[in-house]
Structure formats: C-alpha cells, structure tokens
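Colleague: Please take a close look at one part of this model for me. I would like to understand the place where the two chains meet.

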2 protein chains.
Amino acid sequence: MAESALSTEQILVAAEDVLRRFGPAKATVVDVARALGVSHGTVYRHFPSKAALRGAVTERWLDRAHAALPAVATGSQPPDVRLRLWLETLYRAKKHKALDDPELFATYQVLVDESSALIDGHLTALETQLAVIIAEGQDDGIFAEVGDPLTLAHTVFQATARFHDPAYASTWTTPTADQEFAALVGLLLRGLAAR
Amino acid sequence: MAESALSTEQILVAAEDVLRRFGPAKATVVDVARALGVSHGTVYRHFPSKAALRGAVTERWLDRAHAALPAVATGSQPPDVRLRLWLETLYRAKKHKALDDPELFATYQVLVDESSALIDGHLTALETQLAVIIAEGQDDGIFAEVGDPLTLAHTVFQATARFHDPAYASTWTTPTADQEFAALVGLLLRGLAAR
C-alpha cells in the first residue's frame, strides 16, 4: 500500500482485524504494519505507542457500539418513554455485540480493562445523556425532584449494570434476561416518577 | 491427630487454611490431610471428592458471610426500614470480607465460580428473605402491589448487584461507594412504595 495514502481509519480497521485474529495477548504493531504492507514506523507516525493504538481501536469500537444512543436521548418522546428506550437501546446494542461476534467482544473486554481512563470518559458521556432525559422529566413534572439529574443518572446506570457491564454478558442470553431487564427498568421508572 | 476424633468441621477449617496458604490452583486434598496429620483416605471418608470438599468449604464461608441476614429479614422494624437494613447488612458484610482478608476473598471468588449450582441455591435463599420483607410491606400497604414479592425481590437483588457481587469488590472502597449505595437503595424504595 502507498504509505502516503494510509489513513488513521485504515490503520484502526487493520488493527481491529489483527486483534480479532491473533487475540489481544499476541497482536503486535508489526502484525498491523504487515497486514497493511507498510513498515511499523509508518504505524508509529499515526500512533505514538502500541497502547495508544489499542486505546484508539477501543474508542472506535465503543463509539460504534453506542452510536444510536445520542439520538434516543434527544428524541421527541416523553422523558419516561425515552428513558426506557435509551436503556433498552444500550442493552440491545451490548447484547448484539456479544452474540454476533463473541471473539471480538472478548477481545474488547481485555482492551477495556487496560484503558480505564478512556472508559471512565465514555461512561460519563453516557450518564450525561441519561441526565439530560431525567432533567427534562423533572422540568415537565413527570419525574420527582428527588435528586439532581446527574446523581440520579449515575444511580440508574449503576442499577442497570447487570445489563450493560460486559462482565455479565453470559447472562444476557438466558431465557428470562429480557423480562428481568423490563422489570428492573419498570421499578426504576416508578422510583423516578412524580407522585 | 487421632483419626477417630476428626470432625467434618475440623477438615473444613484445615481446608480453608490450606486454600488460603497455597491458593485455589495449588491446594490439594493431600495438603489438607498433611495439615491434619491424617491420611488423605481419611479426608475422603468425609468428602467423596476434592470438588465436594471445596464445595463444602465455600458453603461454610457463604453461611458465615450471610449469618446476620435472616435475623434482619424477620426483625420487628417496618418493612421499608428492614429492607434498607437488610441490603446494608449484605453490602457491609461483603465489604468487610473483601477488606479484612483480601487473599481469602480472592480464593473464594475462584471457588464460587466453580460451584454455580451451590451459589444459585444461596442466591435463591437470599432473595427469599427479601421476598418475605416485600410481602409484609405489601400486606401492610407500605409497598405497592406492582409485582409478586419473589419477582420484586429478584429485581431488587439484581439492581444492587454492584454492591454484593464479588466481581465489583474493587469498587466498594472508593470514597463515593457508600453514598452511591444509599442513593440506589433510596430510589428502589421509592419504586416499591405505595402511592
């Protein structure tokens, strides 16, 4: 491949493929360079270290996994309907990722564990989306003002950890998982609702 | 040690000590027998297999960890107060186990992963205690009849997983953990409350 034509996106696509094929323990920057037909120095011009490259691959994957959420958060449905829909969208996106390509999903669990600062930023962004919905619900009088929106968003996010934390991925395909998820969201919406 | 005097409890105490010292990957029945000064055949007369011995050690540990809960579940406080107290007792017991003896706690996480049927039985017993509290609350009119007590107990238990599942033990000592726990229980109690 002509080195001048090499884009950051192409490197990330190749790196994801290498990680999937060799696994996170064995994949190297040299493997990525070889897959692209360039020297590893070329890859290092885009990413200063192996850790930076892996972090960028993880970030791209998380962005893809959560792509549908911002539109749900700012949708036109009433806040309570939207809150349920947002949590459902997150749960289904994670579940599909885990089911459709379990090897890549396992790879990303390893990557996620090694870039905790990056993940913290992602989780904060997700909780902020939830907080926007909750704030609107409080303004509309649908939700009670039992806490500030960011704190409540954090609480709701923690309460639903079982349905978005990859550590629980193996439980998402049990026959009762969807029903359990619906019951949990129902109880949380009751907790948030104005009386 | 005189073999005739050897009780099941003594074997379990020795096995726990061996597991703590050698780690779950290396500990053997021979190590346990040696610690007791008996032959491994003597240990096998009490436990038919290494798996059975490890399962019994795990069960004894779980029983100890959850010893305070049944009394809380059947206490004399109003059901909403009691529900909060029960969840708090579980969280604090787990947190103390994790802090007081992190090596033994890590050992038990491995053991717990290998005896899922035993754990399922334990979790069902815990959820049944919660269900008793919720049923009383519904009878008293403190809790709404928004579901049958066992289903609601299961939902509350899943919602609080972050504060009793050993997979999250490393987060229990963050400065905000206790506050986050209180916020979560508060939201769940609001969800259960009669209007």
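Modeller: Here is a walk through the interface, with a short look at one chain around it.

This is a predicted model, in which local features need pLDDT of at least 70 and side-chain atom pairs count only at pLDDT 80 or more, while totals for chains, interfaces and linings use all residues. Residues are numbered from 1 along each chain as its sequence is written, chains are lettered from A and ligands numbered from 1 in the order in which they are written, and side-chain values use heavy atoms, with hydrogens and water left out.

Start with the chain itself. Chain A has 10 helices and zero strands. Helices (H or I, at least four residues) and strands (E, at least two) are DSSP runs, numbered from the N terminus. The C-alpha trace of chain A spans about 65 × 35 × 25 Å along its principal axes.

Now bring in the second copy. A turn of 180° and a shift of 0.0 Å along the axis lay chain B on chain A, with an RMSD of 0.0 Å. The two copies are thus related as by a two-fold rotation axis. The superposition is by least squares on the C-alpha atoms of residues with pLDDT of at least 70 in both. In chain B, the residue closest to the rotation axis is Gly191(B), with its C-alpha at 1.8 Å. Both copies use the same surface: 100% of the contact residues of chain B recur in chain A. Contact means heavy atoms within 4.5 Å.

How big is the meeting place? Chain B gives 23 residues to the contact, and chain A gives 23 residues. Together the chains bury about 2,100 Å², with 57% of it on carbon and sulfur atoms. Buried area is the accessible area (1.4 Å probe) that two parts lose on being put together, summed over both.

Next, the polar side. The rule finds 12 residue pairs in polar contact across the interface, both residues at pLDDT 80 or more. A polar contact is a pair of N or O atoms within 3.5 Å; within protein, one must be able to donate a hydrogen and the other to accept it, and residues adjacent in sequence count only if both atoms are side-chain atoms.

Which elements take part? On chain B, α9 (149-159) and α10 (177-192) each give two or more residues to the side that touches chain A. The largest share, eight residues, comes from α10(B).
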